[in-house]
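Subject: Structure for you to look at

Hello,

I am passing on a structure that you have not worked with before. Please open it first, then read my notes under it.

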Amino acid sequence: MIQVYNNLIHKKTEFKSLKKDTVNMYVCGVTVYDLCHIGHARAYVSFDIIRRYLEYRGYKVKYIQNFTDVDDKIINRAIENKEDPLDLSTRMIDEYFLDMDAINIKRADIYPKVTTHIPEIISFIEKLIKKGLAYSVDGDVYYDVRKFKDYGKLSNRKLADMQAGARVDINDKKVYPLDFALWKAEKENELSWDSPWGKGRPGWHIECSAMSMKYLGATFDIHGGGHDLIFPHHENEIAQTEGLTDKPMANYWVHNGFVRINDEKMSKSLDNFFTIREVLKQVDPMALRLFFLMTHYRMPINYSDTDIIETSKALSRISHSLTLNDLKDDAVDVETYRQEFVSAMDDDFNTARALAVVFDLVKQLNKTLNINYQILLKELLSVLGIKIEQKEESIPKEIIALAEKRQQARIDKNWAKSDEYRDQISAAGFAVKDSKDSFEIIKINA
RNA sequence: GGAGGCGUAGCCAAGUGGUAAGGCAGCGGUCUGCAAAAUCGUUAUCCGGCAGUUCAAAUCUGCCCGCCUCCUCCA
């Protein structure tokens with residue numbers, strides 16, 4: 001039995017999909033105005049794992065993830081860059097895939113974009129107005145938050161308490177301060193579309209309601225995103241969709257914890273973020289993935305160079321045991337390991353626990369040299385999306401020549417000479433690993 | 001002010017009533033000319049503090065201390 005922590009009710013419950021063998025999930029994607037940072041990486045690794053595990057357990061998963069390709073940030077950045085906003089967003093989508101492919105995130109079934117769903121968005125807004133949940137003012141359209149009785153149910157807050165916080169926009173057009181924009185009237189020559197309310201563009205939240213409705217229907221199984229999306233984004237999505245349909249939008253609301261730097265939230269405004277590609281210059285992409293998996297997805301995770309380097313060492317332990325060959329094929333009990341893995345993952349996708357099984361398996365494989373452990377290990381790693389490829393490191397000819405000279409010195413038992421060559425090789429950034437009568441050269445990661 | 005989370009070995013991190021997973025580092029052994037790499041073994045009488053419930057608590061209750069997030073765009 002799979003248990004999932006549902007943020008709507010703040011507890012773990014048994015996972016039951018609407019349709020027997022299918023899971024429909026929608027994960028909020030990125031606003032494409034810049035390169036992705038490792039916070040994004042964590043989010044999409046988390047949901048990639050959920051998706052992969054559900055598939056492993058026999059579900060057919062339909063996975064939708066949007067791109068927000070029109071919003072203030074994109075427009076502002078495009079102005080700074082003196083480039084067309086849609087060129088910017090298109091470019092960043094390509095960059096997104098480059099990063100996510102590197103960390104082995106399975107592609108979503110559909111990546112809907114705001115700019116290609118304007119008619120759906122407009123029609124959604126029209127229905128909300130018709131139902132009396134939204135109103136238009138001077139070309140803007142706002143959601144009338146007080147008309148939706150469940151407003152605040154996901155983030156567990158009351159309208160009155162939020163006003164006390166008093167950090168809401170002061171905007172004369174709104175009837176009530178917490179009302180939010182569904183449609184924004186065009187500002188001087190900004191990117192805009194025709195609508196019943198004049199030229200303009202969609203507000204942020206409406207896209208997810210309109211697009212999830214289009215691809216997954218009124219109610220779907222899992223809605224995911226970062227912890228920071230709970231309010232206002234997901235709260236507003238619920239208001240829009242459930243206000244319109246009077247049905248639950250999603251049965252399970254799942255949110256991943258933040259990546260922190262020095263115990264503070266990593267964010268662009270604090271300027272303490274690392275992009276995915278910066279990190280991948282330092283370590284193997286799978287080390288980054290493993291780093292996330294070592295901590296449960298709902299917990300905050302502190303990022304540091306030291307920690308990620310430790311993780312690469314753990315990763316090499318796994319990769320090494322995958323390279324073992326000439327293994328025995330005696331019958332061994334492999335099922336116990338598989339069951340432990342499944343029970344860990346069944347428990348709200350507890351990858352930290354699941355990895356303990358993986359490492360036990362590595363140890364068992366090293367000890368017994370039995371191929372059946374290796375087969376299972378490969379199976380479990382693929383569920384976790386850890387793809388280990390035997391990289392052909394290109395070793396420069398001169399390094400090989402040095403190593404060969406050293407090997408001759410070893411045969412001659414000329415240890416002084418041999419050590420000298422080894423020093424030269426390591427100075428060049430390589431290490432020689434000796435075995436009985438041969439050697440291997442590996443590149444040392446800086 | 002309102003809502004929520006976290007505090008477990010040197011570091012990272014699971015564990016939510018039955019007596020502390022796993023990783024990294026450290027230590028000891030194997031291998032090696034010596035190393036490195038690899039490998040095997042080992043490493044918390046104890047879970048922020050105090051009180052309480054219980055036969056039994058890291059796990060439940062109360063209070064306290066420390067840290068973080070959300071309430072504005074944000075994965």
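Below are notes on one helix, the cysteines and one serine. The model is predicted.

Helix 10 covers residues 305-323. At 1.5 Å a residue, its 19 residues should span 27 Å, and the end C-alpha atoms are indeed 27 Å apart, so expectation and model agree. The buried residues of this helix are I308, T311, A314, L315, I318, S319, S321 and L322. Seen down the helix axis, they fall within an arc of 160°, so they line one face of helix 10. The cover over these buried residues includes helix 9 (285-293), strand 13 (301-303), helix 12 (351-368) and helix 13 (371-383). T306 and K313, on the other side of helix 10, are exposed.

Next, the cysteines. The count of disulfides is zero. For C28, the closest cysteine sulfur is that of C208, 3.9 Å away, which is too far for a bond because a disulfide needs the two sulfur atoms within 2.5 Å. C36 has its closest cysteine sulfur in C28, at 14 Å, also too far for a bond. Both residues are buried: C28 has a relative accessibility of 4%, and C36 has a relative accessible area of 5%.

Last, the serine. S267 sits in the loop that runs between strand 12 (264-265) and helix 8 (276-282). S267 is buried, at 13% relative accessible area. Its side chain reaches the backbone nitrogen of L270 at 3.3 Å. Apart from neighbours within four places in sequence, S267 is in contact with N272 and F273.

Regards

Key. Residues are numbered from 1 along each chain as its sequence is written. Chains are lettered from A and ligands numbered from 1 in the order in which they are written. This is a predicted model: local features need pLDDT of at least 70, side-chain atom pairs count only at pLDDT 80 or more; totals for chains, interfaces and linings use all residues. Side-chain values use heavy atoms; hydrogens and water are left out. Helices (H or I, at least four residues) and strands (E, at least two) are DSSP runs, numbered from the N terminus. Buried means under 20% relative accessible area, exposed over 50%, partly exposed in between (1.4 Å probe, protein chains only). A polar contact is a pair of N or O atoms within 3.5 Å; within protein, one must be able to donate a hydrogen and the other to accept it, and residues adjacent in sequence count only if both atoms are side-chain atoms. Contact means heavy atoms within 4.5 Å. The expected span of a helix is 1.5 Å times one less than its number of residues. The arc is that of the directions from the helix axis to the C-beta atoms.
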